[in-house]
Amino acid sequence: MTSSITATIKTNIERYVSENDMTRGALASKIGISRSSLYEKMDGKRPWLLDEIISLASVMGCEEKDIWTSSETSL
């Protein structure tokens, strides 16, 4: 993934956890990965897998494309 997509995913995740009074660790647990793995993916050190994006969208209540789309209203 490009760095701009990684940055958008990170922004969307940070907004989601903030708006839902959730920790990143809790989100990681809900999507079935470790907290450190989530951090590495958010920082672009590890790639996101399709099943993780699907799980993330399910937890966040959005479509998969909204995870990597920059839009203040999508989540």
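Two residues are in contact, or touch, when they have heavy atoms within 4.5 Å of each other. Keep that in mind for the tour. What you have open is a predicted model, where local features need pLDDT of at least 70 and side-chain atom pairs count only at pLDDT 80 or more, while totals for chains, interfaces and linings use all residues. Residues are numbered from 1 along each chain as its sequence is written, and side-chain values use heavy atoms, leaving out hydrogens and water.

**Stop 1: M22**

Select M22, in the loop between α1 and α2 (24–31). Helices here are DSSP runs (H or I, at least four residues), numbered from the N terminus. Which residues does M22 touch, not counting residues up to four places away in sequence? Light up Y16, V17, L27 and K30. M22 counts as buried because its relative accessibility is 18%; buried means under 20% relative accessible area, exposed over 50%, and partly exposed in between (1.4 Å probe, protein chains only). Now add I54: it sits 32 residues from M22 in sequence, and their C-alpha atoms are 19 Å apart in space.

**Stop 2: helix α2**

Move along to α2 and pick L27, A28 and I31, which are buried. They cover an arc of only 100° around the axis, so they sit on the same side of α2. That arc is taken from the directions from the helix axis to the C-beta atoms. Turn to the other side of α2 and you'll find S29 and K30 exposed. What covers the buried residues of α2? Among the covering elements are α1, α3 (35–42) and α4. Before you leave, click on G32 just after α2, with its positive phi of about 85°.

**Stop 3: α1 against α4**

Show α1 together with helix α4 (residues 50–60): their axes come within 11 Å and cross at roughly 30°. The axes are lines fitted to C-alpha atoms, for helices over the stretch in contact, and angles run from 0 to 180 degrees between N-to-C directions. Which side chains should you show? Pick I9, N12, I13 and Y16 in α1, which meet I53, L56, V59 and M60 in α4. The residues of this contact of α1 with α4 split into seven nonpolar, one polar and no charged.

**Stop 4: T8**

Stay in helix α1 (residues 3–19) and select T8. Is T8 buried or exposed? T8 counts as buried, because its relative accessibility is 17%. To see its contacts, add I67, W68, T69 and S70, again not counting residues up to four places away in sequence.

Key: Helix = DSSP H or I, 4+ residues; strand = E, 2+ residues; numbered from the N terminus. Nonpolar A, V, L, I, M, F, W, Y, C, P; charged D, E, K, R; others polar.
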